[in-house]
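Q: Please take a close look at one helix-helix contact in this model. Set it in the context of the whole chain, and keep it brisk.

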Amino acid sequence: MKAQTSIDMFSNMQNYLVEILELHGHAHASEIASRLNVGIPSVTHALKKLKRMGFLLYNPNAPVVLTEKRRKFATDLHYSRETIVAFFEKILLSSSKHSCHCACALEHLIDRQTVKSLATLTNTVLTHADYNGLRDKLKASLFF
């Protein structure tokens with residue numbers, strides 16, 4: 001089995017933060033485990049680590065709560081994920097599953113300015129007067 005790199009582990013921690021944010025900033029370990037398709041012990045380990053890093057308030061018998069200081073970080077991650085998904089689905093015309101898979105991989109590597117550029121490009125194409133013509137050209141040229 002391949003050892004997890006520190007980048008992989010940090011990306012994994014970011015996934016927990018996004019899930020907590022999507023659960024309105026507070027969640028129970030069982031909800032997080034269900035959404036990430038992992039076991040409760042994995043969630044507990046990650047939550048303890050995120051608590052030590054100052055990202056959340058966590059006590060085993062209470063909901064997990066993002067700290068205000070770190071909520072912006074989680075919000076930025078969520079924005080990146082949603083922007084990348086929209087780009088892949090609406091511009092590259094890939095499936096929802098493929099778009100989510102790509103977003104989960106890229107959101108940890110892509111900088112904020114590039115995310116903003118993807119959002120601008122996506123919005124520009126979607127609001128272009130000849131959107132349907134552009135969409136037809138994309139369908140003809142892409143392999144998805």
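A: **Helix α4 and its packing**

Of the 144 residues in the protein chain, 35% count as buried (under 20% relative accessible area; exposed is over 50%, partly exposed in between; 1.4 Å probe, protein chains only). This is a predicted model: local features need pLDDT of at least 70, side-chain atom pairs count only at pLDDT 80 or more, and totals for chains, interfaces and linings use all residues. Residues are numbered from 1 along each chain as its sequence is written, and side-chain values use heavy atoms, with hydrogens and water left out.

First, the frame. The protein chain has 7 helices and 3 strands. Both are DSSP runs numbered from the N terminus: helices are H or I with at least four residues, strands are E with at least two. From the N terminus on, the order is α-β-α-α-β-β-α-α-α-α. The C-alpha trace spans about 55 × 35 × 25 Å along its principal axes. Residues 24 or more positions apart make up 55% of the contacts with a separation of 6 or more; contact means heavy atoms within 4.5 Å.

Now the pair. Two packed helices are described by the angle between their axes and the distance between the axes. Helix α4 covers residues 68-91 and helix α6 covers residues 112-126. Their axes come within 9 Å and cross at roughly 40 degrees. Axes here are lines fitted to C-alpha atoms, for helices over the stretch in contact, and angles run from 0 to 180 degrees between N-to-C directions. α4 and α6 are therefore oblique to each other. Under 35 degrees would count as roughly parallel, over 145 as roughly antiparallel, and 65 to 115 as roughly perpendicular; the rest is oblique.

Which residues make the contact? From α4 come Asp76, Tyr79, Ser80, Thr83, Ile84, Ala86, Phe87, Lys90 and Ile91. From α6 come Arg112, Val115, Leu118, Ala119, Leu121, Thr122, Val125 and Leu126. By class, the contact of α4 with α6 has 11 nonpolar, 3 polar and 3 charged residues. Nonpolar covers Ala, Val, Leu, Ile, Met, Phe, Trp, Tyr, Cys and Pro; charged covers Asp, Glu, Lys and Arg; the others, Gly among them, are polar.

One more residue of α4 deserves a look. Arg81 lies in helix α4. Arg81 counts as buried, at 9% relative accessibility. Leaving aside neighbours within four places in sequence, Arg81 is in contact with Asn15, Val18, Glu19, Glu22, Ala103, Cys104 and Glu107.
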